[in-house]
Amino acid sequence: MAGADSVVEALGKDNLDAKISSLNSEILKLEEQITYIKDKSLPAVVKENAQLLNMPVVKGDFDLQIAKQDYYTARQELVLNQLIKQKASFELLQLSYEIELRKHWDIHRQLENLVQELSQSNAMLRQRLEMLTDPSVCQQINPRNTIDTKDYSTHRLYQLLEGENKKKELFITHGNLEEVAEKLKQDVSLVQDQLAISTREHSFFLSKLNNDVDELCDTLYQGGNQLLLSDQELTEQFHQVESQLNKLNHLLTDVLADVKTKRKILASNKLHRMERELYVYFLKDEDYLRDIVENLENQSKIKVVGLED
């Protein structure tokens, strides 16, 4: 039994070696085929395919694809330029709106400062009036209408109320003081009315400006969140305006040429110049024209009578 096993093992080993040797020979054959394909068959196939790529049909297809790609690139650049222009216009409009809004805020702040100053002046004037209406100040032993020259406070008050009036009074009376105070009161009332009107106008203007901005945003966005690139109606209107301007320019050129021609004719022809003067007199001064015509008729009659004599 042991001898039989050893024989079997020897036969299995021989078969395995035979298979290994056959596999090695097949591997060598495959390597030779790969080397042949790599060195000879593959370059020929690559060369043949390269020649096929240079065929006119394939080249034309590639040229068409390149032309399409160039067209798409040009269209993308055009859209990009339009977007850049739209963005620049919108930023310029937004900057103008911010500048205008800043101006209005400056005016509003100045008006508020003016209101505060007027309120302070009014409060100071009220205090002075209350002080003047104090019974201890108003009561005098010998009341008189003329203000004493030594009463510096009253004189100073009169100068303040009088303002820049260059007319100097010899004697200042309480009536003069009341008049300038009443005038100042009227001026204050007038300034307050004007300030109220200005405030209303400013509020109305701000409201109108906000409405205009809202309308502009509605026009630009058309109720959406994306800015429109262009407006067909607005473009058509611009074209119509441009054509009308061109027509007007041609008409003005024709009119100027006609005026130059007529001026040359008037400068060279005395009769046409006289006809123009008579036409101007006919439009502006009919009586003067009638006198000129009557004088000419009389002169012609006198010449005719002289010739008959």
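Trainee: What makes the pair D187 and K183 a salt bridge in this predicted model?

Mentor: The closest N and O atoms of D187 and K183 are 3.3 Å apart. A salt bridge requires a side-chain nitrogen of Lys or Arg within 4 Å of a carboxyl oxygen of Asp or Glu, so the pair D187 and K183 qualifies.

Trainee: Where do D187 and K183 lie?

Mentor: Both belong to helix α5, four residues apart, which is about one turn of the helix.

Trainee: Why is D187 called partly exposed?

Mentor: D187 has a relative accessible area of 32%. Partly exposed covers values between 20% and 50%, and therefore D187 receives that term.

Trainee: Why is H202, also found in helix α5, called buried?

Mentor: The relative accessibility of H202 is 11%. Buried means under 20%, so H202 counts as buried. H202 touches H104 and H108, leaving aside residues up to four places away in sequence.

Trainee: How do you know that D106 and R109 form a salt bridge?

Mentor: Their closest N and O atoms are 2.4 Å apart, and the limit is 4 Å; the pair therefore meets the criterion. D106 and R109 are about one helical turn apart because they stand three residues apart in helix α2.

Trainee: What makes K262 and D258 a salt bridge?

Mentor: The closest N and O atoms of K262 and D258 are 3.7 Å apart. Since the cut-off is within 4 Å, this pair also counts as a salt bridge. K262 and D258 are four residues apart in helix α6.

Note on methods
Residues numbered from 1 in each chain as written. Predicted model: local features only at pLDDT ≥ 70, side-chain atom pairs only at ≥ 80, totals over all residues. Heavy atoms only, no water. Buried < 20%, exposed > 50% of the residue type's maximum accessible area, 1.4 Å probe, protein only. Contact = heavy atoms within 4.5 Å. Helix = DSSP H or I, 4+ residues; strand = E, 2+ residues; numbered from the N terminus.
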